[in-house]
Each structure stands twice: as structure tokens, then as C-alpha cells.
Amino acid sequence: MSTRKRLAEYRKKRKFKVSAEPEGKAIKVRSRKKVSLAFVVQKHRATALHYDLRLEWQGVMLSWAVPKGPSYDTKVKRMAIHVEDHPVEYNAFEGIIPEGEYGGGTVMIWDRGIWIPESPDVDAALQKGELKFSLEGLKLLGSWVLVRARRKPGQARDAWLLIKHRDQWVSEQDVTSLFPRSVVSNRLLLEIARDEGGNVRKAADGDPPE
Ligand code: MN
């Protein structure tokens, strides 16, 4: 599918005159020579708090909304709802989506870095519903897997599970509460909302209790 088509759902859901989110006009499929693929995790206090995991692939960001965020505990399977592809420029977005708009609330760049596919054929892995990869971020490191769960009748979006693979980084400590701040601005959700005119009280309940 062309990247233009892939971003149609993303664009349809948003009013770019109202929201500061990027339109994703600059669609550019990077050459095969490019060695690194970007990943970002955006902590998003919308209707409900979640962490948007995005993996760069063929000019767009494949995206999953993870309500509880990632866990370094290999016994923990985190629900990850597959959502629409986002433009690569979205990776730089931290700020406020106006209330009443799609995804209205506060967005934080919670982690970013590069991802390395461990499945030899990424498209085949996505189709099959089992993508193995490693992350080289500031908070997220090591080997992970996304596994598609069986689709339930009437379910609009595919549910996947995000699971940590066993490696040197495995831990039972909760990375989301240990490291709640933005990797680009060092702000909490509350501070982003306060600085940028968002709903401070709503944003604050996505931060860990003091
Ligand atoms: Mn989101």
C-alpha cells in the first residue's frame, strides 16, 4: 500500500487547523541503504491514559496503543491495540491535542531511539502476527515481541500483546513509574499541560503519585 493511502485514516481523523499535530505531508520512503529505523513511545493522556508505541516501517510509523505501557517482566503480557499508521514527523510531537478533537489531551515523548527487526521478513511477520524486534531507546532496551491475539467478533481493531523477551534487561521493576518524564523535555504530563495550555488536572492523573 502507498504511504499516501496508509496515512488516509490518520488524516481523516484530525483537523489540522485546530490541532498542532503534523499533517504528514512529507511522505518519503527512505532508501534501502538506510540502516536505522526510528521508534518512539508517546505517553498520551487522552480519554484514557495509554502509551503509543510506533515503529518506523516503509515511510510510516506502525502504531499500537498500549494502555498499561511496556513491562520488562517477561511474565507480563501488555495489551497493544493496533491503530492507524502515523506520519514519521509525528515522532517529534509533544504537546496538547485540543479537547473535543480526536485523541484530545496531553502527549509526551516518553521514549525514542531505534528499533531493529529480529524477524527476518517484517511484512511477513506482521501478516503472521508475530513481530520480534529489539529496541535501543533511553528507557526501552533489549528484545521484545508483538503477538496478535485472536480477533473477537465485532472487534474493530486488532489486539496484540507486547511481551519482553528474556535477556540481560529483564526486570520486575516498573519502568513506567520509575521513569515518568519526557525524554526530550524532562517534563511530566502535568508540566506539559501547564506549559502549553492543556487540561492540567486531567494530565496530572497520568503522572505517578508523588
Ligand atoms: Mn494515542
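Okay, a cut-off before anything else: buried means under 20% relative accessible area, exposed means over 50%, and partly exposed is whatever falls in between. Keep that in your heads, because I'll lean on it throughout. And a reminder that what's on the screen is a predicted model.

Let me start with Gln58. By that cut-off Gln58 comes out as partly exposed, since its relative accessible area is 38%. Where does Gln58 lie? In the loop between S2 and strand S3, which covers 60-66. Now look at the backbone there. Most residues other than glycine have a negative phi. Gln58 goes against that, with a positive phi near 50°. The setting is a hairpin: S2 and S3 have two residues between them, and Gln58 takes its positive phi right in that hairpin.

There's another one of these, Asn186. Its phi is positive too, about 60°, and again we're not talking about a glycine. Asn186 is found in the loop between helix H4 (175-178) and helix H5 (189-196). Buried or exposed, then, for Asn186? Exposed, because its relative accessibility is 51%.

Back to the strands. S2, residues 49-57, pairs with S3 in the antiparallel sense, over seven bridges. If you want one to click on, Trp57 has Val60 in S3 as its bridge partner. S3 also pairs with strand S4, residues 77-87, antiparallel again, this time over five bridges. There, take Ala65, whose bridge partner in S4 is Ile81.

So how many residues of S3 are buried? Seven of the seven, so S3 is largely enclosed by the rest of the structure. You can see it on both faces: Val60, Leu62, Trp64 and Val66 point one way, Met61, Ser63 and Ala65 point the other way, and all are buried.

Next, the metal. We have a manganese ion, and its protein donors are His44 through ND1, His50 through NE2 and Asp52 through OD. Those donors lie 2.1 to 2.3 Å from the ion. Along the chain they follow the spacing H-x5-H-x1-D. As for burial, His44 counts as buried because its relative accessibility is 7%. Asp52 is buried as well, at 5%.

Hang on to Asp52, because it turns up again in the lining of the largest cavity. The structure holds one cavity of 30 Å³ or more. How much space lies in the largest cavity? About 70 Å³. Around it you'll find Val41, Tyr51, Asp52, Leu53, Val66, Pro70, Leu135, Leu140, Trp144 and Leu162. Which element gives the most to that lining? Strand S2, with three residues. By type, the lining has nine nonpolar residues, no polar ones and one charged. Val66, which we met on S3 as one of the buried residues, is in that lining too.

Last stop, Arg6. Arg6 sits in helix H1, residues 3-6. Arg6 counts as buried, because its relative accessible area is 18%, and the cut-off is under 20%. What does its side chain touch? There's a polar contact of 2.7 Å between the side chains of Arg6 and Asp85.

That's my tour. If you open the model afterwards, start at the hairpin with Gln58 and its positive phi, then go to the manganese ion with His44, His50 and Asp52 as its protein donors.

Notes:
Residues are numbered from 1 along each chain as its sequence is written. This is a predicted model: local features need pLDDT of at least 70, side-chain atom pairs count only at pLDDT 80 or more; totals for chains, interfaces and linings use all residues. Side-chain values use heavy atoms; hydrogens and water are left out. On a 1 Å grid over the protein atoms alone, a cavity is a set of points where a 1.4 Å probe fits but cannot get out, and a pocket is an open set with protein on both sides within 12 Å along at least five of seven lines; lining residues have an atom within 4 Å of a point. Grid points are joined across faces, edges and corners, and a volume is the space filled by probe spheres set on the points. Helices (H or I, at least four residues) and strands (E, at least two) are DSSP runs, numbered from the N terminus. Ala, Val, Leu, Ile, Met, Phe, Trp, Tyr, Cys and Pro count as nonpolar, Asp, Glu, Lys and Arg as charged, and the others, Gly among them, as polar. Buried means under 20% relative accessible area, exposed over 50%, partly exposed in between (1.4 Å probe, protein chains only). Two strands pair if DSSP finds at least two bridges between them. Donors are N, O and S atoms within 2.8 Å of the metal (3.2 Å for Na, K and Ca); water is not among the atoms, so sites may look incomplete. A polar contact is a pair of N or O atoms within 3.5 Å; within protein, one must be able to donate a hydrogen and the other to accept it, and residues adjacent in sequence count only if both atoms are side-chain atoms.
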